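This report covers helix packing and two residues of interest. Start with the view below, then read on.

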Amino acid sequence: MMDSLGYGGIALLMFLENLFPPIPSELIMPLAGFTVAQGKMEMMPVLAAGIFGTVLGAFPWYYLGKFIDEHRLETLADQYGKWITVSSTDIKKANNWFTRHGYKAVFFGRLVPGIRTLISLPAGLNNMNLAPFVIYSTLGTLLWTCFLTVAGYKLGANYELVEEYIAPVSKIALLSLAIFFIIWVIRKRLRT
């Protein structure tokens, strides 16, 4: 896609990565960096395309959060949340946490695999102003995209090593979140 669509292909892939987290930015941007190392693309437009696509991909989740609103989500949680052990009280606690850490949560959330996509939903749900949301999303995305692209550039033909080294860190972060969630579910069930 990068060969056929160029910078637009990078933006499209990064947009899709935000909508569908199984598409890994850990492969897209290092490959783009490798393409820059080969002289087929320029670094600044590659970074701009990656950042543009990622930030653009944050808007659907952000506006979904605005559309759903907290009351509707709490109602859904009380009706169907028992299947994933989420109640309206849990939604209120999560929203209170996001209210306290909103800007930081958006910025740092862009650097954490798995959270990168989903952090936009509570931002919209909590009616975070659009300008700060875009600014903090862009800053976090800038760091992540630059890191991956430069890693692909430096590694050249061995850009696949980026995934090899980042994948364990990503898996540890996701495993930690899964363990935390399981402990939370067990503690919640023991209380009831």
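S120 is found in helix α8, which spans residues 120-125. This is a predicted model. Is S120 buried or exposed? Its relative accessibility is 0%, and the cut-off for buried is under 20%, so S120 counts as buried. The S120 side chain has a polar partner: a contact of 2.7 Å joins it to the side chain of R110. R110 also appears in the contact list of S120, which leaves aside neighbours within four places in sequence. The other residues on that list are A58, W61, Y62 and F133.

**Helix α2 against helix α4**

Two residues in the S120 list, A58 and W61, also belong to the α4 side of a helix pair, α2 with α4. Helix α2 covers residues 7-19 and helix α4 covers residues 43-68. α2 passes α4 in a right-handed crossing. On the α2 side, the contact is made by Y7, I10, A11, M14, F15, N18 and L19. On the α4 side, the residues are P45, V46, A49, G50, F52, G53, T54, L56, G57, A58, P60 and W61. By class, this contact has 14 nonpolar and 5 polar residues, and no charged ones.

**Helix α3 against helix α9**

Helix α3 runs over residues 25-37, and helix α9 over residues 130-155. How are α3 and α9 oriented to each other? They pack at an angle of about 50°, and α3 and α9 are therefore oblique to each other. Their crossing is right-handed. From α3, the contact takes in S25, E26, M29, P30, G33, F34, V36 and A37. From α9, W144, T145, L148, T149, G152 and Y153 take part. The classes here are 8 nonpolar, 5 polar and 1 charged.

The packing values for both pairs are set out here.

| Helix pair | Angle | Axis separation |
|---|---|---|
| α2 and α4 | about 30° | 7 Å |
| α3 and α9 | about 50° | 6 Å |

**T145 in helix α9**

T145 lies in helix α9. What is its burial state? Relative accessibility is 1%, so T145 counts as buried. Leaving aside neighbours within four places in sequence, T145 is in contact with M29, L47, G50 and I51. Of these, M29 is part of the α3 side of the contact with α9. G50 is part of the α4 side of the contact with α2.

Notes
Residues numbered from 1 in each chain as written. Predicted model: local features only at pLDDT ≥ 70, side-chain atom pairs only at ≥ 80, totals over all residues. Heavy atoms only, no water. Axes fitted to C-alpha atoms, helices over the stretch in contact; angles between N-to-C directions. Helix = DSSP H or I, 4+ residues; strand = E, 2+ residues; numbered from the N terminus. Parallel < 35°, antiparallel > 145°, perpendicular 65-115°, else oblique. Left-handed = near helix turned anticlockwise from the far one by under 90°. Contact = heavy atoms within 4.5 Å. Nonpolar A, V, L, I, M, F, W, Y, C, P; charged D, E, K, R; others polar. Buried < 20%, exposed > 50% of the residue type's maximum accessible area, 1.4 Å probe, protein only. Polar contact = N/O pair within 3.5 Å; in protein donor to acceptor, adjacent residues only side chain to side chain.
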